[in-house]
Amino acid sequence: MYTSLCSWDNLYLAYRKAAKGKRGKEPAAHFEYRLEDNLIQLWRELRAKTYRPGGYYSFYIHEPKRRLISAAPFRDRMQPWVAVHHALCNVIKPRFERSFIHDSYANRVGKGTHRALDRCQKLARRFRYVLQCDIVQFFPSVDHAILRCILARKVKDDDVLWLIDRILESGRGVLSEEYEMVYFPGDDLFAVSRPRGLPIGNLTSQFWANCYLNPFDHFVKRELRCCKERGGFLRYVDDFAFFADDKPTLWQWKRAIEERLTRFRLTVHAGAHPRPVTEGIPFLGFVVYPDRRRLKRRKGIHFRRRFRDLVRRYAVGEITLDQLTASARGWANHARYGNTVGLRKAVLGGVRLPPQNNRREVV
């Protein structure tokens, strides 16, 4: 496996995937300027096992809440099948994909946000009550030893495991400021120094999140029997929802999942409780009802402010009309998955753009 990962074809394929949509940016352009030399150097490092991931660069985003995003430099993101991120996922994904449950929707081909919303609404039409849970500080809480054990069950190649260890070590402590220490039964004072945390922003982190919670998914389906007529379940990264026709069943499942998650050194936010589905289910930027979907109010307010700023930047020549139009179409295409005709008309309809270069445009 490791030999094929270090091949030239795999290195070049990984570069193409990592460079998609980024070729106009400085890090990608700098790497591409001496593409062959850079790929050969990476190939040598991988074959000799002297490769070490570069440092992360971090920044905050504030939608919907403040999050620290940490991403690897371009050189690390473009590696082949084994090296890092795109490459490594290409190799190990098929081994894990077959074991993922149907109702896990994040970062998977043929799944995604909109299909998760469809499934949520289907379950809301079928069952009377919902229990929504999300994990406290999920990415900062991921325990490296537990994750490594889960990955090693399906990855038997020692060289691939060596690379996994290098990537895990490179992310150690990146999210330490975001983590609030939680002690679990059996912990001693040294538990605080356990390696933990997956940098949000890496492809491997998104994929490994599914791997980390895959045993939990199977516990829900096989042991809690949360399927078919008894109830429903779906998960998107660390947000998940249970559906049933009575509250006592959901309370029982809540106690069971809280106990099971301690095995993964995870906790759920306090306050989760069963509610009628007719009250609406806040999920993935929408509020889902059995008969309709609404975009969350703050999402509409955020885009309206952003769109006004884009119009201002267009007027002074900072962006082109194509860039402004692409942003408007992207938001409208996302918002159309809810009952938002009136909202889209209110935000976008009849917006008159200021003159630019003696031209006047109407969206």
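In this predicted model, confidence across the protein chain is lowest in helix α5 (residues 74–77), with a mean pLDDT of 48, and highest in strand β8 (residues 286–288), at 97. The chain as a whole has a mean pLDDT of 85, and 90% of its residues reach 70 or more. The points below address confidence, an open four-stranded sheet, the helices packed on the sheet, and residues with positive phi.

**Regions of low confidence**

- Over residues 74–83 the pLDDT stays under 50, and the model has 65 contacts beyond four places in sequence for this stretch.
- A further stretch with pLDDT under 50 covers residues 358–363, for which 16 contacts beyond four places in sequence are present in the model.

**Sheet architecture**

- Four strands form an open sheet in the order β4-β5-β3-β6, and their pairing is antiparallel.
- Strands β4 (232–236) and β6 (275–276) are the edges, each pairing on one side only.
- Strand β3 (residues 129–134) is joined to β6 by two bridges in the antiparallel sense; in this part of the sheet, tyrosine 129 stands opposite proline 276 of β6.

**Helices packed on the sheet**

- Helix α7 (residues 113–126) packs on the sheet and touches β4 and β5 (239–244), with its direction at about 160° to that of β4.
- Helix α12 (residues 247–261) also packs on the sheet, where it touches β3 and β5; the direction of α12 makes about 145° with that of β5.

**Edge strand β4 and its hairpin**

- Strand β4 is mostly covered, as five of its five residues are buried.
- Gly232, Leu234 and Tyr236 point one way from β4, whereas Phe233 and Arg235 point the other way; all are buried.
- Five bridges connect β4 and β5 in the antiparallel sense, and arginine 235 has phenylalanine 240 as its bridge partner in β5.
- The two strands β4 and β5 form a hairpin with two residues between them, and valine 237 in the turn has a positive phi of about 55°.

**Positive phi in loops**

- Most residues other than glycine have a negative phi.
- Glutamine 137, which is not a glycine, has a positive phi of about 45°. This residue, glutamine 137, lies in the loop between β3 and α8 (138–141), and is partly exposed, with a relative accessible area of 24%.
- Arginine 225 likewise has a positive phi, near 60°, in a residue other than glycine; arginine 225 is placed in the loop between α11 (203–223) and β4.

Technical notes: Residues are numbered from 1 along each chain as its sequence is written. This is a predicted model: local features need pLDDT of at least 70, side-chain atom pairs count only at pLDDT 80 or more; totals for chains, interfaces and linings use all residues. Side-chain values use heavy atoms; hydrogens and water are left out. Two strands pair if DSSP finds at least two bridges between them. Contact means heavy atoms within 4.5 Å. Axes are lines fitted to C-alpha atoms, for helices over the stretch in contact, and angles run from 0 to 180 degrees between N-to-C directions. pLDDT is the predictor's confidence in each residue, from 0 to 100. Buried means under 20% relative accessible area, exposed over 50%, partly exposed in between (1.4 Å probe, protein chains only).
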